[in-house]
Amino acid sequence: TLPDIERELPESVRGMIERKIAQLSQDDRKLLTCASVQGYEFDSAVVAQVLNLDADEIEERLEKLERVFAFVKLTSESEFPSHELTLKYRFVHVLYQNALYASLRATRKATLSRDVALALEGCYGARSASVANELALLWEAARDYARAADSFLQAAGNAAQINAYREAVQLAERGLEALLKLPETPERDGRELGLQLTLGFSWMCIVSWAAPEAGTAFQRARQLCQQLGDDPRRFAVLNGAASYHVVRAEFEIARELGEQMRQLAEQAQNPALMVAAVTRLAEVYSWQGRDLPLGRKLFEQAMAMDRLEYHPSYLLVSNDSQGVTARRNGCYFFWVLGYPRQALAVAQEGVTLAERLAHPFSLGGAYVGTGVLHYFLRDWQASQKEFEKIFALAETYDLGDMLNWAITINSINRAFQEPTESAFDQAKQAIASLRTKGVTLAMTWCLAGLGEACWRAGRSDEGLAIIAEAQTLAEHTGERSYEADIWRVKGELLLQAAADDAQTESESCFQQAIVISQSQSAKIFELRAATSLARLWQQQGKTAEARQML
């Protein structure tokens, strides 16, 4: 309907529409009113079925209504999946359709909506899912809220499959509104579970994995799973909830959910589910920094199990390809552990896989993997090129955190290359924007990077404040995968600030960075810290110790 237009419609136009409708015979008005229930566009065969009239008669009358009265226009001839022929028409103006539809009383509107829905289902048969949007609105108008919710769920799923996540959210929310009119039963709960899943994953694609709307949807979905008992969609619920908590850096909750996922995957003996479960656990162990070698082992296990044909199964329990996800996140930690060539190979594998899948959200994730990795390798230009691919993709598709992280890391890239006031302001704004979306994961990485950019630009006081924030965040969240490098950057900033006892305090920072990196097997961070310490010792005349350290 067009309520705003109808309210503001000039009386002259409204009168013209009413006078034109008044010219119709009672039978023709009845025909067009029935057609208006299907919508702005309608089928002659559907109208014929609802009015229980011969198809030829309906077609002749529609031809007259087009030729003489100019109410409708023939757009095409087609055949339903049931092999029934139909003429497709549309109203010459949507205001005609609205006026006719608005003339129906509530009971008659509900009856006609039901009859049109049944006719459409009969015409489309097993392919009724392709017109789920139409059916959802018809069943809603027919006050059959159970069927309406089912159709809204199917329509939302259709939208998500073609990456139209904003439409998926609208349809899922409309389905949830329909369910509010039904009594609480296991059947109603089952319908709600499907809608909450679609809603949660769609919000993750639009805003972030950490979006509060997504968290609310998955929290409700977990409650429904408890009420329903053994529901096959429980794995998808756990995966959505685990992803939400990972990106909010709530690692212990995510680890527990990941273990439940692994148990379900083992019980089902489903390798695609096992890839998702192992990837969630690998993320937890790696980002926490507690056991980076175990994290690497789990990422390698997930990549080894991954198969191209698992992609449809992944999309039933997630919003991206889990094989791409394992490679995107795994490549970072291969680099941290001291394997940059392997990291680059794995990141490129992710891109190749995502391009074969032609799944935009997964492709955006793959570009994030290569872009961030090049940033870690200090190849600013290569990093920026990968992020530009994401920005181009985002002009067409919602990419959620893929776009969020690309914007943030690219802004830090710029601060390294062009250390202007504007560049630093943009980087700070990008980090702040990411955090307003609920994202906490990798914030220690971003802050450490910005702190290092401050050091290179001679902004020591500003850099020390940023590093202090990074250390506080690491303590609060337990995200310690970048902790060693945070200590190194702090040491460099203290030296640059030239405070009292700066060399002593800086040496302590570098030593702390080495101790942490050794405990984590983080060879890259150990090498960086050792280089910083050796440089300091060289300045102090300890050239033999510096050489030995290197």
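This short presentation describes one helix and one sheet of a predicted model.

Good morning. I shall begin with helix 23, which covers residues 421–436. At 1.5 Å a residue, its 16 residues should span 22 Å, and the end C-alpha atoms lie 23 Å apart, which agrees.

Which residues of helix 23 are buried? They are A423, F424, A427, A430, I431 and L434. Viewed down the helix axis, these buried residues fall within an arc of 120 degrees, so they line one face of helix 23. They pack against helix 22 (401–417), helix 24 (443–456) and helix 25 (460–477). On the face turned away from this buried side, helix 23 carries the exposed residues Q429 and T436. Just after the helix comes G438, with a positive phi of about 95 degrees.

I now turn to the sheet. As general background, strands of a sheet pair through backbone hydrogen bonds, either parallel or antiparallel.

In this model, three strands form an open sheet in the order 1-3-2, and their pairing is antiparallel. Strand 1 (41–43) and strand 2 (72–79) stand at the edges; each has a single partner strand, so one side of each is left without a neighbour in the sheet. On average, neighbouring strands are turned by 25 degrees against each other, direction ignored.

How many bridges join strand 1 to strand 3? There are three, and strand 3 comprises residues 85–91. Within strand 3, K88 stands opposite D43.

Finally, helix 3 (residues 26–38) packs on the sheet and touches strand 1, strand 2 and strand 3. The direction of helix 3 makes about 115 degrees with that of strand 1.

Thank you for your attention.

Note on methods. Residues are numbered from 1 along each chain as its sequence is written. This is a predicted model: local features need pLDDT of at least 70, side-chain atom pairs count only at pLDDT 80 or more; totals for chains, interfaces and linings use all residues. Side-chain values use heavy atoms; hydrogens and water are left out. Helices (H or I, at least four residues) and strands (E, at least two) are DSSP runs, numbered from the N terminus. The expected span of a helix is 1.5 Å times one less than its number of residues. Buried means under 20% relative accessible area, exposed over 50%, partly exposed in between (1.4 Å probe, protein chains only). The arc is that of the directions from the helix axis to the C-beta atoms. Contact means heavy atoms within 4.5 Å. Two strands pair if DSSP finds at least two bridges between them. Axes are lines fitted to C-alpha atoms, for helices over the stretch in contact, and angles run from 0 to 180 degrees between N-to-C directions.
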